[in-house]
Each structure stands twice: as C-alpha cells, then as structure tokens.
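User: I have a model open and want to know the reasoning behind its labels. Please take me through them one at a time.

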Amino acid sequence: MATVTVHALTFTYPKRTQPVLDDLDVTFPSGKFSLLTGVSGGGKSTLLKLIAGLTPLPDADAITFDGHPLTQIAPAKRAATVAMLFQEPSTQFTMDTVVNELRFALENQRVDPAAIPAKITAALDFIGIADLRDRQLMQLSGGEQQKVALAIIVAMDSDVILLDEPFANIDPPTRLALLEKLVALCTQRGKTIILADHDLSNYDRWVDHLAVLDAGKVTLLSPTATQARFAAFTPDKLRLTHVALPTDDLTVSLQGTQLALGHSQRQLLRPQDLALFAHQATLITGPNGSGKSTLFRALVRLGAYQGQLTYNGQDIRKLSRKRYARQVGLMFQSASAQFLNVTVAEELALSQKFGNHTYFTPERVQDLLTQLHLADHVDQIIYSLSSGQQKKLQLLCMLIMAPNVLLLDEPLKGLDFASIQVVMRILTTVQRDLKLTLIMISHQLSGLDDLITLHLALDQQQLTYQEATP
Amino acid sequence: MNPSLKLALAVLIALEVSFTQVWTVNVALIAISLVLMLINHVTVKRFLWLTLVPLFFASALVWSLTLQGTASHHFLIVLFTRMFVYVYMGGLFTQTTDPLTLTRSLEQNAKLPAKFAYGFLAAFNLMPKIQAEVATIRAAALMRGQELHVWSPQLYFKVILAAMNWSDQLAAAMTSHGFVEGAPRTHAITVALRARDWWIFALSLVVIQVGLFIGLP
C-alpha cells in the first residue's frame, strides 16, 4: 500500500521554454485504480517517468511515496515501491527469455536464490502465462510481452504500478485480460495503479478516479464526475459513404495469392487471395496487433510472408529492389524511420530531386509547406520538430515522391484536429490529380470520408472488403 | 570450463603467440582448437567461414611479404599460422560459450561490475535489432531514390541515432526492473569456479611455455 503524492512539480524539457508540467499538485490514493488522461503530447508519459524515477526530478521532494522520496528508499526496495509498464512492449527487457528476465529482476531486489523459483512460478501463474516461461522474449507478440512485463511487476511485488498507454499495440481480448489482472491486483493485493490512456472506452466498471492532465496541471475528478466523463466519451465512429465493394472494371495493382502472414505459433493472416486496386484509396481497419503493419512490411519486402505477391502481374520477389521501391512506397508509422537527412530543407530537396518534380513545382511545395505550417521551419533540424510537425513533413516527403502505390501506416497519428483537416485535404487533392493508389491504415477514423473509396476490414485473420457505412 | 577462466586463457595464449615466433606451437594450437571444435559439434558452414576468411588475409599478407623479399621463410610460416591461431581460438571460444553464462561468470567469478557485465549482454542481444534497423533504413532510402551502401555515412548516422535511442530505452528497462548501479545483487544461478578449471588453466599455460622454450631457436 502506498499513496503517491506529487507536490508543486514543475518540469521543463531541456531547450524548451514552456514547462510541460506546471506547478502540478495531485495525490493518487493508495489501493485505488486511477486513470490519467489528456491530449497526446500533454505530458502524461513525462509525469509517469518522473514518478517511476526514470527521469531525474528537479526537486527530490516533489514526489513522495507515503511521505518518502524515491531516492531515500534503499536501492533494493525501489522496484518494490514503484514499477512501470511501458507503451512499447518490446523495449522493456534486458535478457533473452522470460524466466531469465524474471530472475534478473528478482536478483536486483536481493531475493534469496532459494526463494526465486517459487516466486517466478507464482507470478507466471497469477497472470496465467506459465507456458511462456522458457520462450524467447523477442519472439512473443506485443500482448504476450505486456503480460510478461506485468508478471515481472507481480513478482517484484511493487506497491505502485504505473502503465503508460499499455494497450496501444494490443488486441482487444488481451487488453481485457490485462485489465482484469490489474483490477485483481488493486482489489486483492491493495496495489496503487496509475494508468495513462487517451481512449476512455471500457473503463467505467473499474476505475475509481479519473485524473485529467491539461495545460501542465492535473485535476482529480470525484467518482461521480468520473462516471459522467466516461458516459460522455464516445469513441470515433467510422463513417464511409463513398465506399463500395470492388467491381470488375477496377484494375488490380497488387495481388496476393494464398497470402499468409505470421508463423505457426502466431498466425496473423490465414492463407487468402487478396487484390488491391490501382488508383483507389483503400482504408484497412482492424484491431490493434492484428497484423496490419506486418502486411505493409510484407508488401514493401521488409517482412516475411507465405504465398505469392505480385505487382502488375510480376512476382515482387523477382523485381529489382531498387525499381520496386520507386513503384511501391511506405510511409512508416514512426516518422523518424523515414528521414535520411538532418534539416527540413535537405529532406525536402532529396524528395524533389528524385520525386515527381513536374507536379511538385517549387511554388506548389512552398504552398503546401505554408498550409502545413512548416514554412517557418525549413532550416530547423528534423529531430527538434514536434512529433506532429515530423508527421506532416514525413507525409509531404512521401507525397512528393509520388510512387504509383503509396502505403500509409497511421499517417494521422498524433495530429491535432486542424492538422488532420489540412492533411486530408492535401491527400485527397494529390490523389485525384495524380491518380495515385493509396492504401491506408488508420485508427483515426473521422475525416476520412472524402478520400476513401474502398474499405478492407481485418477480422478473424481474414481481410474482406466492406460496404458503405451510412 | 569456467567461461571467465577460458576467456583469460585464450587472451593470454594469444598474447604469448604474438610475441614469440615458434610455428610448431602455432600448428599444435590450431590442431587442438580444431579437435575441440569438432568435439563440440561446430557446423560445417561456420567452420568453412572460420577457415576461408583468415586464409584469404593470411595468404595476401604472406604473398605481399614474399614480393618484398626481405622476410625469411620461417617468419612467413609463423605469420601464416598465427592468423589461424587467433581465428580458431576465437571461434572455439565463441562457439562453446553461452553469452549469458559468460555474463554471469564475469559478474560472479571475475567480479566485473554488474553494469559492464549486463551492458555487454545487452549489446549482444541488440545484434538482430541492428540488422533489422539497417534493412529498414536502406529500404526507406530506396523509396526516396537513394541507394545506401555499407560505406554510406548516412547509414551510420541513422544507425547511431537508433542505437542512442535504444541505449536510453535499455537503461529505462533495467531501472524499471530494479537494477541500481553499484548496488549488491543476489544470483539465482551460480557459475562454479572449480579446482578442475584452475588445473586446466595452469597446465595449459605450462605446456605452452615448455613448447615455446623448446621451439625457440
């Protein structure tokens, strides 16, 4: 049992003037499940990392556990005080296998070697993953990795459990299973749980307090206000009115024959024939972790697949990598994976050199930069841009390349409402002018209606074309 | 044999071989490494790699020295065999040692600070990740019309950026699982340092000394 108290915490990132957390005061009650919400980029992760002791505090007394700052707690006891589950499942392990990672954590806590095996077994049984004990961590799915990470926290018996958007890459059934375990830890073992999420669906049964982080400050809502907030939250609705089932007069661009993804231990796509059509804007939807990004990586020859994939009738394995990469491009989910240079101007120059420069004249590029509010940033270093600015620059760079087929993996991720409107307008105009084939994965569902003409849903390991949703 | 002691033995022998010129000892070391590798079921493919790569470099070295015409035959044979001693002993060590056991042994037996021991292990576990990252960077470049080769500085710039990011992630991962720099830890699995290990270590060194002494001109 531990109460987390944050008092007068101000935190500013180096080289920024605006503090991300501003004179913040909040108390997370002991043994309760608190949900922390707020806009993306609003400082949720920063606050959790400060509480976990992963980012050094400007003032050691600003965060206390039952009145004690973390630095005053003995090193071997710190992990038993507070532990954190990360957003990106694969980045939280040091060792190779599940059992070795559990041993590593328990050794750090100076647990008697004789007691370690029993603790490991108990923790794995509590989460229900005894069968994963000797598996390689990097071969597990994101959901399994999050379960292992939670089992480690259970083994370490941490009083305060922090979770930073833990379900971002997890399919809904796994999310539910993990939530049930978390609630059990809270009610049966008296753990204090603080979970950050911007999606408020399906928490109403379990969460006691909603903490809202806005403009650097946290407001803790009462149970009644929390329930009211949950009731008012409606997830984005998918509304596609221009969508129709593919007809015979469409031209096939990419064709999968008995295409399958995944491996024997985790099948993502069961063998199926799949056609992707030229000059159309296709949206692919499906649960988190169901294999949408894996499909894109297979389409650009970065990932393994079974069966055959053809582009304009030719097996993509037999095409020259260099030529194929100019025909079928991918806008990666992580913006930094796309960039090759240091400044915005250099990055744009590279795209203009090899891209479609008859359509993307310097004037047009300048106009697009102005629309995207990037015109004043051309001399800036890319990695000092905000994540939203990076995303917009990334899209512009790939649009200028204008490959016949452009795959877009979450192109709207982390953009604010105004930016989404601008980006969708630009995408729609360019697609119509150049007759591009766009294939898009997006969890952001509003604002897509004007562009999308075909809709593929990935469900039960099968991709099927959908009809219009009124 | 205990991994730390095995590492020490390999390094000591390599050092001695570097400063002496007895080709018979080199040949004996090559033969012993070969036999031990065969006993430990090293794959044929791995074995061919371990042979062909040094063969190329050793031959090139000997050939260029012969053209110069100043080196004696004896010296050329010593150089040629020395190259194989390094590679075969290195191969024998890596093929018969599990990185995790070596890490535990370095921490427990050689008293290396845990930070370095686990840092080494993490770097080892990062290898497949680096390969995947390089493939992604090259694909991203091709999509922009640029071909990146192994000698392209941009490739290294991006890999270093990614590695810096990973090192932050790894530090966070270790901290969140209770690792505190310099703090004492317990050991779930102990790596034994037996008398037998010391005997093998000492005897091997003695045999080498005798061989070198007899073989010296």
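User: What pLDDT does chain B average, and how many of its residues score at least 70?

Analyst: This is a predicted model. Chain B averages a pLDDT of 89, and 100% of its residues score at least 70. For the model as a whole, ipTM is 0.84 and pTM is 0.83.

User: Why is A:Ala8 called exposed?

Analyst: The label rests on a neighbour count. A residue is exposed if 12 or fewer other C-beta atoms lie within 10 Å of its own. A:Ala8 has 10 C-beta neighbours inside 10 Å, so A:Ala8 counts as exposed. A:Ala8 sits in strand β1 (residues 4-11) of chain A.

User: Which residues is A:Ala8 in contact with, leaving aside neighbours within four places in sequence?

Analyst: They are A:Asp23, A:Asp25 and A:Ala62. Contact here requires C-beta atoms within 7 Å. As for A:Asp157, that residue is 149 residues from A:Ala8 in sequence and 29 Å away in space, C-alpha to C-alpha.

User: What makes β2 and β5 of chain A edge strands?

Analyst: Each pairs on one side only. The open sheet has four strands in the order β2-β1-β4-β5 (chain A), paired antiparallel. β2 covers 21-28 and β5 covers 68-69.

User: How do you know that β4 and β5 of chain A pair?

Analyst: By counting bridges. Pairing needs at least two bridges found by DSSP. Two bridges join strand β4 (residues 63-65) of chain A to β5(A), and the strands run antiparallel. The cut-off is at least two, so these strands count as paired. In β5(A), A:His68 is the bridge partner of A:Phe65.

User: Why is one side of β12 and of β15 in chain A left without a neighbour in the sheet?

Analyst: Both stand at the edges. β12 (266-277) and β15 (314-315) of chain A each have a single partner strand, so one side of each is left without a neighbour in the sheet. The sheet is open, with four strands in the order β12-β11-β14-β15 (chain A) and antiparallel pairing. Within this sheet, strand β11 (residues 252-263) and strand β14 (residues 306-311) of chain A are joined by five bridges. A:Leu254 stands opposite A:Tyr311 in β14(A).

User: What makes β17 of chain A a mostly covered strand?

Analyst: Five of its five residues, 405-409, are buried. Buried calls for 20 or more other C-beta atoms within 10 Å. Both faces of β17(A) are covered. One side has A:Val405, A:Leu407 and A:Asp409, the other A:Leu406 and A:Leu408.

User: Which strands pair with β17(A), and in what sense?

Analyst: Strand β16 (residues 328-331) of chain A pairs with β17(A) in the parallel sense over four bridges. A:Val328 stands opposite A:Val405. Strand β18 (residues 437-441) of chain A also runs parallel to β17(A), joined by five bridges. There, A:Ile439 is the bridge partner of A:Leu407.

User: What is in the largest nonpolar core?

Analyst: This core has 77 residues. Those touching the most other members are A:Ile51, A:Ala151, A:Ile152, A:Ile153, A:Ala155 and A:Leu162. Helix α5 (residues 142-156) of chain A gives the most to this core, nine residues. Another core lies apart from it, with 67 residues, including A:Leu268 and A:Phe339.

User: How is chain A split into domains, and how many residues are in contact between them?

Analyst: The domain assignment gives domain 1 (4-232) and domain 2 (252-465) of chain A. Nine residues of domain 1 are in contact with seven of domain 2. The side of domain 1 that touches domain 2 has two nonpolar, six polar and one charged. The C-alpha centres of these domains lie 33 Å apart.

User: What does the domain assignment give for chain B?

Analyst: Domain 1 is 3-103 + 190-215, and domain 2 is 114-176. Their centres, taken over C-alpha atoms, are separated by 32 Å.

User: How many residues does the contact take from chain B and from chain A?

Analyst: The contact takes 34 residues from chain B and 45 from chain A. On the chain B side, α6 (114-143) and α7 (153-176) each supply at least two residues. The largest share, ten residues, comes from α6(B). The chain B side divides into 18 nonpolar, twelve polar and four charged.

Terms used
Residues are numbered from 1 along each chain as its sequence is written. Chains are lettered from A and ligands numbered from 1 in the order in which they are written. This is a predicted model: local features need pLDDT of at least 70, side-chain atom pairs count only at pLDDT 80 or more; totals for chains, interfaces and linings use all residues. pLDDT is the predictor's confidence in each residue, from 0 to 100. A nonpolar core is a set of buried Ala, Val, Leu, Ile, Met, Phe, Trp, Tyr and Cys residues joined through C-beta atoms within 7 Å. Domain bounds come from an automatic or database domain assignment. Two residues are in contact if their C-beta atoms, placed from the backbone, lie within 7 Å. Ala, Val, Leu, Ile, Met, Phe, Trp, Tyr, Cys and Pro count as nonpolar, Asp, Glu, Lys and Arg as charged, and the others, Gly among them, as polar.
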